[in-house]
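Visitor: Hi! Could you walk me through this one?
Guide: Happy to, let's have a look together.

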Protein chains: 2
Amino acid sequence: MQLTHFTDLGLRVLMYLSHPEPHRPPVTISEIAERFDVSRNHLVKVVHFMGQQGWLLTTRGKGGGLALAQAPDAYRLGTLTRILEGATELIDCAEPPCSLRGRCQLKGLLDKALVAFFDVLDEYTLADATASPTHEVIVMLHQWRPQA
Amino acid sequence: MQLTHFTDLGLRVLMYLSHPEPHRPPVTISEIAERFDVSRNHLVKVVHFMGQQGWLLTTRGKGGGLALAQAPDAYRLGTLTRILEGATELIDCAEPPCSLRGRCQLKGLLDKALVAFFDVLDEYTLADATASPTHEVIVMLHQWRPQA
């Protein structure tokens, strides 16, 4: 069982933006791609999606960048994960169509367990996910400059 | 977020075996592959694994087949799912190595949510997953014979 790569990247972006350093240029997608060694193209998609959700403020052009739209403690982790995951189906009942489909008691039980999963995450916010010692690593990543 | 195909198949096999019809030949892997329109080779692997776990009784050769080793209400769904999933990591922190790895508060929160997920499933057994109306569909699948 694994969250999608999309969700993974989305959460990392939000965590990276949770501790902005003062007196530094705005955070860019390229910077995050470099710090986490992940695909810039994938990040573009997830940043666009999170902008549409109103989670991020994005300013374009030279000197532009990304920032959280609200304080980190305003973002509930269950809500973030649920929305980033999209239509979550723990088991694919449709492809190929399962013979038990529509009359399967297992599906309801899995859905109930999934609700419990998101409920636990909703007890926490982005501020919890980036509390110490995560905070210090994020600050260090912000301060890191590639060597010339 | 999705369970692995391996887990999906494993649960379907166990459900199919939960309502054995009397006076019929033993259930075979080929029969299950046909009823669920899934790969026989994938089923062989998961049946072998579940045999090793002591969940299934398998008899080889002509007239051989599969059966549950215990009554359906002896199989807790959380335990089944946890073991079928293997080492569950909701997010791959290792590949590529995440910059926050080892000091990431998010990981602990995700693990906590996963425990809640399995705890809910452990409140139920295979007997619950195959209660009516699932029961009736399984009986129908057992009775179905391919047309000559």
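Guide: One definition before we start: helices and strands here are DSSP runs, numbered from the N terminus, with at least four residues for a helix (H or I) and at least two for a strand (E). Please also keep in mind that this is a predicted model.

Visitor: Thanks! Where does D37(A) lie?
Guide: D37(A) is in the loop between α2 (29–36) and α3 (40–52) of chain A. Its phi is positive, about 55°, although D37(A) is not a glycine.

Visitor: And how many helices and strands does chain A have?
Guide: Chain A comes to seven helices and two strands. Reading from the N terminus, the order is α-α-α-β-β-α-α-α-α.

Visitor: What box do the C-alpha atoms of chain A fill?
Guide: Roughly 60 × 30 × 25 Å, taken along the principal axes.

Visitor: I like to check omega. Which peptide bond in chain A is cis?
Guide: The one from S132(A) to P133(A), where omega is near 5°. P133(A) belongs to the loop between α6 (126–129) and α7 (134–143) of chain A.

Visitor: What about the bond from S132(B) to P133(B), cis or trans?
Guide: That bond is cis, with omega near 10°. P133(B) is placed in the loop between α6 and α7 of chain B.

Visitor: Switching to the interface. How many residues of chain B are in contact with chain A?
Guide: 45 residues of chain B are in contact with 45 residues of chain A.

Visitor: And what is the area buried between the two chains?
Guide: About 4,500 Å², and carbon and sulfur atoms give 70% of that. On the chain B side, M1(B), L100(B) and R103(B) supply 17% of the area that chain B buries against chain A, more than any other three residues.

Visitor: How many salt bridges cross between chain B and chain A?
Guide: The rule finds zero salt bridges across that interface. There are, however, 14 residue pairs in polar contact between chain B and chain A, counting pairs with both residues at pLDDT 80 or more.

Visitor: Which helices of chain B supply residues to the side that touches chain A?
Guide: At least two residues each come from α1 (5–16), α2 (29–36), α4 (77–85), α5 (105–122), α6 (126–129) and α7 (134–143) of chain B. The largest share, 11 residues, is from α5(B). By residue type, the side of chain B that touches chain A divides into 28 nonpolar, seven polar and 10 charged residues.

Visitor: Back to salt bridges, then. How many does the structure hold over all chains?
Guide: It holds 11 over all chains. One of them pairs R82(A) with D122(A), with the closest N and O atoms 3.4 Å apart. This pair links distant parts of the chain: R82(A) is in helix α4 (residues 77–85) of chain A and D122(A) is in helix α5 of chain A, 40 residues apart.

Visitor: New topic: how many cavities of 30 Å³ or more turn up in the whole structure?
Guide: The search finds two. In the largest cavity there is about 120 Å³ of space, and the second largest has a volume of about 40 Å³.

Visitor: Which residues line the largest cavity?
Guide: Both chains take part, with C104(A), L106(A), K107(A) and L110(A) among them, and also D8(B), R12(B) and M15(B). The elements that give two or more residues to this lining are α5 (105–122) of chain A and α1 of chain B. The lining of the largest cavity divides into eight nonpolar, no polar and four charged residues.

Visitor: And what lines the second largest cavity?
Guide: Its lining is E89(A), L90(A), I91(A), C93(A), K107(A), L110(A) and D111(A). By type, the lining of the second largest cavity has four nonpolar, no polar and three charged residues.

How values were computed: Residues are numbered from 1 along each chain as its sequence is written. Chains are lettered from A and ligands numbered from 1 in the order in which they are written. This is a predicted model: local features need pLDDT of at least 70, side-chain atom pairs count only at pLDDT 80 or more; totals for chains, interfaces and linings use all residues. Side-chain values use heavy atoms; hydrogens and water are left out. Contact means heavy atoms within 4.5 Å. Buried area is the accessible area (1.4 Å probe) that two parts lose on being put together, summed over both. A salt bridge is a side-chain nitrogen of Lys or Arg within 4 Å of a carboxyl oxygen of Asp or Glu. A polar contact is a pair of N or O atoms within 3.5 Å; within protein, one must be able to donate a hydrogen and the other to accept it, and residues adjacent in sequence count only if both atoms are side-chain atoms. Ala, Val, Leu, Ile, Met, Phe, Trp, Tyr, Cys and Pro count as nonpolar, Asp, Glu, Lys and Arg as charged, and the others, Gly among them, as polar. On a 1 Å grid over the protein atoms alone, a cavity is a set of points where a 1.4 Å probe fits but cannot get out, and a pocket is an open set with protein on both sides within 12 Å along at least five of seven lines; lining residues have an atom within 4 Å of a point. Grid points are joined across faces, edges and corners, and a volume is the space filled by probe spheres set on the points.
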